[in-house]
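Subject: Handing over a structure

Hello,

Here is the structure I promised to pass on to you. Please open it first, and then read my notes alongside it.

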Amino acid sequence: MHRPGSPRKATAPQTASALPIAALLAGNIALAFGPWFVRLADVGPVAAGFWRIALAAPILVALAFAGQRRPFAPARGLWLPIALGGIAFAADLASWHVGILQTTLANATLFGNSATLMYPIYGFLVARMWPTRTQGLALALAAAGAGLLLGRSFQLSPKHLAGDLLCLLAGTLYTVYFVLMGKAREVVAPLPALALSTLASLLPLLVAALVAGERFWPQHWGILIGLALASQVVGQGLIIYAIGHLSPLVVGIALLSQPIVAGAVGWIAYGERLGPAELSGAVLVAIALVLVRSGGPRVASEAGEAKPA
């Protein structure tokens, strides 16, 4: 999502590392299928979020123990940010899943990924991870690409206002989740960190689904299993790995790959064709992703500013 908290100094090799970049992009591709799974699920949107977490949690815990003998030992002293991160993620899922059904897919993608802008701003202003000139150009190209991707279909109307606000809230909460999990990732391995935050999301999502009075028990489990594996195990797993190695700017720009993939899914599944503007936007985002690897972010050199919190 980086070193979201108060990251250690980032170096050019870290930012340009091929493996974290590949993991970040693969994670975003997997996550882009999430809205499709939510629409196909035969339970309520918040309930779908709960089952995504509930089905993924045992797998993540098992993988964490398979990777090391005491996977959660380094988390001592980090229970609060991990718990808060899990709660933020639960609220993000609940608000976004409800918003997906109350606004257009384009609006949901735009507002739900508002961390594209919020997270780099956090990196600039709080974590003191300043962009190089090339990375600044990459951010500008990414913004232009995002505008082209969503500009034609983006629409604000009273009919979509509630859904738009819910998706914007989700994007804000997703940024909070990135920051808190970045703190945990400074000392905790990716899978244990994700397993703990996933467990912390369970109860809030269960309560929210029951309070909402949604249809809770599914008739068909296949879609929810796909949602859990693609979005939580693979998607979030790869992103949590990547945020321990990449700057907020890189993570933020990479989030724009989700609308591209979601647009392709809409084209294939629902015949929502992409026009020249959307295809041009995808090209600009691709160029931005290449440029953003050119050198690490500037880190404030003043005494105390680069110290971990």
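Let me start with one residue, Y177. Leaving out residues up to four places away in sequence, Y177 touches G85, A88, F89, L194, S197, Q236 and I240. Please keep in mind throughout that this is a predicted model.

Y177 also has a place in a wider group. The largest nonpolar core has 56 residues, and Y177 is among those that touch the most other members, together with L24, Y174, F178 and L205. Two or more residues of this core come from each of α2 (18-31), α3 (34-40), α4, α5 (79-100), α9 (161-185), α10, α11 and α12 (248-254). The element that gives the most is α4, with 10 residues. There is also a second core, separate from this one, with 7 residues; A138, A142, I253 and L256 are among them.

For the overall picture, the protein has 14 helices and 2 strands. Its chain has 309 residues, and 54% of them count as buried. The protein exposes about 12900 Å², and 71% of that is supplied by carbon and sulfur atoms.

Next, the aromatic rings. There are 13 aromatic pairs in the structure. One to look at is W51 with F216: the ring centres are 5.2 Å apart and the planes stand at 45 degrees, so this pair counts as tilted. The two residues come from distant parts of the chain, 165 residues apart, with W51 in helix α4 and F216 in the loop between α10 and α11. Are these two buried or exposed? W51 is buried, because its relative accessible area is 8%, and F216 is buried too, with a relative accessibility of 13%.

W51 and F216 belong to one aromatic cluster with F50, W217 and W221. W217 lies in the loop between α10 (190-212) and α11. With a relative accessible area of 58%, W217 is exposed, because the cut-off for that word is over 50%.

That brings us to the surface. W217 and W221 help to make a nonpolar surface patch of about 560 Å², along with I59, L63, I225 and L229. Which helices each supply at least two residues of this patch? They are α4 (45-67) and α11 (222-242).

Two further spots bring together residues that are distant in sequence. The first is around F37, which is found in helix α3. F37 counts as buried, because its relative accessibility is 15% and the limit for buried is under 20%. F37 and I223 are 186 residues apart along the chain, yet their C-alpha atoms are separated by 6.1 Å. Apart from its neighbours within four places in sequence, F37 is in contact with I223, G226, L227 and A230.

The other spot is around S280, in helix α14 (residues 276-291). S280 is partly exposed, with a relative accessible area of 38%. S280 and G145 are 135 residues apart in sequence, while the distance between their C-alpha atoms is 7.2 Å.

If you would like a place to begin, try Y177 and the residues it touches, such as F89 and L194. From there you could go on to the W51 and F216 pair, and then to the nonpolar patch that includes W217.

Happy viewing, and best wishes

Methods:
Residues are numbered from 1 along each chain as its sequence is written. This is a predicted model: local features need pLDDT of at least 70, side-chain atom pairs count only at pLDDT 80 or more; totals for chains, interfaces and linings use all residues. Side-chain values use heavy atoms; hydrogens and water are left out. Patches are made of residues with over 30% relative accessible area and no salt bridge: like charges are joined within 9 Å, nonpolar side chains (Val, Leu, Ile, Met, Phe, Trp, Tyr) within 5 Å. Accessible areas come from the Shrake-Rupley method with a 1.4 Å probe; for residues, only the protein chains shown count as cover. A salt bridge is a side-chain nitrogen of Lys or Arg within 4 Å of a carboxyl oxygen of Asp or Glu. Helices (H or I, at least four residues) and strands (E, at least two) are DSSP runs, numbered from the N terminus. Buried means under 20% relative accessible area, exposed over 50%, partly exposed in between (1.4 Å probe, protein chains only). A nonpolar core is a set of buried Ala, Val, Leu, Ile, Met, Phe, Trp, Tyr and Cys residues joined through side-chain atoms within 4.5 Å. Contact means heavy atoms within 4.5 Å. Rings of Phe, Tyr and Trp (its six-membered ring) pair if their centres lie within 6.5 Å; planes under 30 degrees apart count as stacked, over 60 as edge-to-face and the rest as tilted.
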